[in-house]
Amino acid sequence: MSIRFVLDGEIVSYDCTDPTETLLEMLRYRLCRTGTKEGCAEGDCGACTVLLGELNDAGTAIAWRAVNACILFVPMLDGRALMTVESLAKDGALHPVQQSLVDLHGSQCGFCTPGFVMSLYGRAIGACGTKDAPVSEVISGNLCRCTGYGPIIAAGKDNPPSPQDDTPTITLLKQIGRTEPLLIDGADKVTGTARSWFAPHTVAQMADRLQQRPEAQVLAGATDVGLWVTKQLRELPDIVWLGEVAELHTMQEDDAGLTLGAGVSFTMAQKALARLHPQLGSLVSRIAGVQVRNTGTIGGNIANGSPIGDMPPALIALGATLTLRKGAERRQMPLEEFFLSYGKQDRTTGEFVEQVNVPRPHPDALIRIAKFSKRFTSDISAVLGAFHLTFEGDKVASARIAFGGMAGTPQRAIATEETLIGHEWCEATIENAAKALAQDYSPLSDLRGSAEYRLTVAANLLRRIWHERQNPDVAPSLHDVEPSHG
């Protein structure tokens with residue numbers, strides 16, 4: 001089955017025989033576009049950054065976004081536009097972003113340079129996730145092993161955002177729009193194992209396919225599943241991709257809260273989450289880099305059940321609920337009940353996450369979210385704590401506390417909550433709550449931190465919140481979802 005996409009002003013028809021072939025493989029070994037590099041093959045270093053564009057609903061503009069080619073599967077290109085580092089220079093002249101990197105000595109060994117070029121070019125044309133963002137955040141998903149960030153940031157600042165004329169590309173994209181679901185029946189290019197790719201256009205089509213093939217892998221942004229292929233060498237016989245299901249890419253915001261379709265990316269959701277509470281928006285900025293946030297979805301982050309996924313603890317603390325669907329039937333549950341044990345979720349065969357509902361917190365609620373990791377950006381949490389407290393006078397009226405990195409799943413601190421609710425907000429109560437954390441969690445020791453470290457961090461977060469509330473003018477703030485300094 002051929003997929004079609006637009007590359008440098010031309011429609012490319014590509015015979016996709018293996019649905020799990022990565023975009024990086026296709027670029028380097030099929031199209032011979034070797035400017036795009038493989039640094040890590042797991043979406044961490046950004047050397048493989050390219051820009052992917054798709055038409056808006058009105059068909060009048062293209063939304064460009066930086067993505068990691070190393071974990072993006074080729075069928076995800078269908079009906080879209082692609083730009084690589086080879087796309088930028090025209091008539092022998094470098095693009096201004098490239099020229100700035102030359103003039104300001106922003107390239108040393110040069111291996112990472114194409115990825116930085118594409119991230120900075122994305123900023124220069126106003127790509128998703130770059131509006132009003134500092135250069136340092138735009139390149140947070142790009143790793144320079146030569147430590148040349150100063151000149152790279154200077155080159156980015158040298159090229160302020162300016163929209164480009166996408167009219168010719170818009171015309172071509174309209175020619176390749178697909179009205180029927182994309183179905184690829186292919187095989188592994190090495191072993192010959194049969195595998196399929198199905199990209200439905202409606203939730204009903206998706207539900208029907210999963211009833212027909214209940215063992216199929218549901219795919220959202222591929223920021224996790226891509227690593228199953230590139231790092232774990234797992235074979236995925238059947239894939240159902242929700243990237244074309246418009247219903248799963250919608251957001252509904254009202255006085256009651258926010259409803260997110262399972263296909264809504266972190267980048268799409270960030271401003272809406274920040275309107276629920278600023279700390280949610282700050283948290284999104286700490287999740288991976290721009291490329292991962294542009295493709296990774298909140299629904300996928302939940303569905304994979306990782307104990308160190310960053311969003312679930314915060315959403316649990318806010319009382320989020322899930323809608324699951326199987327066939328025509330739906331069921332809802334509190335988010336914390338979805339996670340049963342490590343690697344196991346309350347989801348039956350053929351059932352999938354359809355949407356997430358996040359209640360709007362009371363304006364007077366105390367909400368704090370803290371992520372502790374060895375790097376500020378593009379790093380996995382050692383501990384992530386989320387706190388949602390309300391008060392009646394001097395007493396705690398309600399408490400929802402959840403942590404990631406402290407157990408085999410994202411988990412509420414029930415015993416800790418019970419030591420707070422109905423008790424006076426005082427230092428003695430906080431110390432009792434800090435001790436109760438050991439009843440809620442028995443964390444593991446690993447390369448990100450020891451069990452003792454994790455329990456100490458969790459207890460100190462409680463103490464810090466108490467000190468902050470007692471001394472709001474002088475106490476350090478958790479507002480920016482601060483990193484670990486330990």
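**Exercise 1. Identify the residue of β16 that stands opposite leucine 322, and describe the sheet that contains β16.**

Solution.
- Step 1. Opposite leucine 322 in β16 stands valine 356. The model is a predicted one, in which local features require pLDDT of at least 70 and side-chain atom pairs count only at pLDDT 80 or more, whereas totals for chains, interfaces and linings use all residues. Residues are numbered from 1 along each chain as its sequence is written, and side-chain values use heavy atoms, with hydrogens and water left out.
- Step 2. The strand order of this open sheet of 5 strands is β10-β11-β16-β12-β13, and the pairing is antiparallel. Strands (E, at least two residues) and helices (H or I, at least four) are DSSP runs numbered from the N terminus, and two strands pair if DSSP finds at least two bridges between them.
- Step 3. At the edges are β10 (251-254) and β13 (329-334), each of which pairs on one side only. On average, neighbouring strands of the sheet are turned by 15° against each other, direction ignored. Such angles run from 0 to 180 degrees between N-to-C directions, with axes fitted as lines to C-alpha atoms, for helices over the stretch in contact.
- Step 4. Strand β16 (residues 352-359) is joined by 5 bridges to β11 (residues 257-261), and the two run antiparallel. Facing residues of β16 are proline 359, opposite glycine 257, and glutamine 355, opposite glycine 261. Another 5 bridges link β16 with β12, again in an antiparallel arrangement.

**Exercise 2. Determine which strands helix α9 lies across, and how helix α10 is placed.**

Solution.
- Step 1. Helix α9 (residues 266-276) lies across β10, β11 and β16, and runs at about 160° to β11.
- Step 2. In helix α10 (residues 278-285), 6 of the 8 residues are buried, so the helix is largely enclosed by the rest of the structure. Buried means under 20% relative accessible area, exposed means over 50%, and partly exposed lies in between (1.4 Å probe, protein chains only).
- Step 3. The buried residues of α10 are Gln279, Leu280, Gly281, Ser282, Leu283 and Val284. They pack against α9, α11 (290-295), α13 (311-317), β17 (366-372) and β18 (383-392).

**Exercise 3. Locate the largest nonpolar core and list the contacts of leucine 315.**

Solution.
- Step 1. A nonpolar core is a set of buried Ala, Val, Leu, Ile, Met, Phe, Trp, Tyr and Cys residues joined through side-chain atoms within 4.5 Å. The largest such core has 40 residues, and Leu273, Ile302, Leu315 and Leu322 have the most contacts inside it.
- Step 2. Once neighbours within four places in sequence are set aside, leucine 315 is in contact (heavy atoms within 4.5 Å) with Ile298, Ile302, Ala320, Leu335, Val356 and Val358.
- Step 3. Another core, of 35 residues, lies apart from the largest one and includes Leu27, Val50, Trp197 and Leu236.

**Exercise 4. State whether threonine 84 is buried or exposed, and name the residues in contact with it.**

Solution.
- Step 1. Threonine 84 is found in the loop between β5 (81-83) and α2 (96-103).
- Step 2. The relative accessible area of threonine 84 is 0%, so this residue is buried.
- Step 3. Neighbours within four places in sequence aside, the contacts of threonine 84 are Leu27, Arg33, Thr36, Val50 and Met118. Leucine 27 is 57 residues away along the chain, yet its C-alpha atom is separated from that of threonine 84 by 8.9 Å.

**Exercise 5. Give the strand order of the open sheet with mixed pairing, and find the helix that packs on it.**

Solution.
- Step 1. The 5 strands follow the order β2-β1-β5-β3-β4. Strands β2 (10-15) and β4 (62-68) are at the edges and have a single partner each, so one side of each lacks a neighbour in the sheet. The average turn between neighbouring strands is 35°, direction ignored.
- Step 2. Strand β1 (residues 2-7) runs parallel to β5 and is joined to it by 2 bridges. Leucine 7 stands opposite leucine 82 in β5.
- Step 3. Helix α6 (residues 167-175) packs on the sheet and touches β1, β2, β3 (49-55), β4 and β5; its direction makes about 170° with that of β1.

**Exercise 6. Compare the radius of gyration of the protein chain with that of a compact globule.**

Solution.
- Step 1. The globule rule is 2.2 Å times the number of residues to the power 0.38, and the radius of gyration is taken over C-alpha atoms.
- Step 2. For 486 residues a compact globule would have a radius near 23 Å, and the chain agrees with this at 23 Å.
- Step 3. The chain has 17 helices and 20 strands, and 54% of its residues count as buried.
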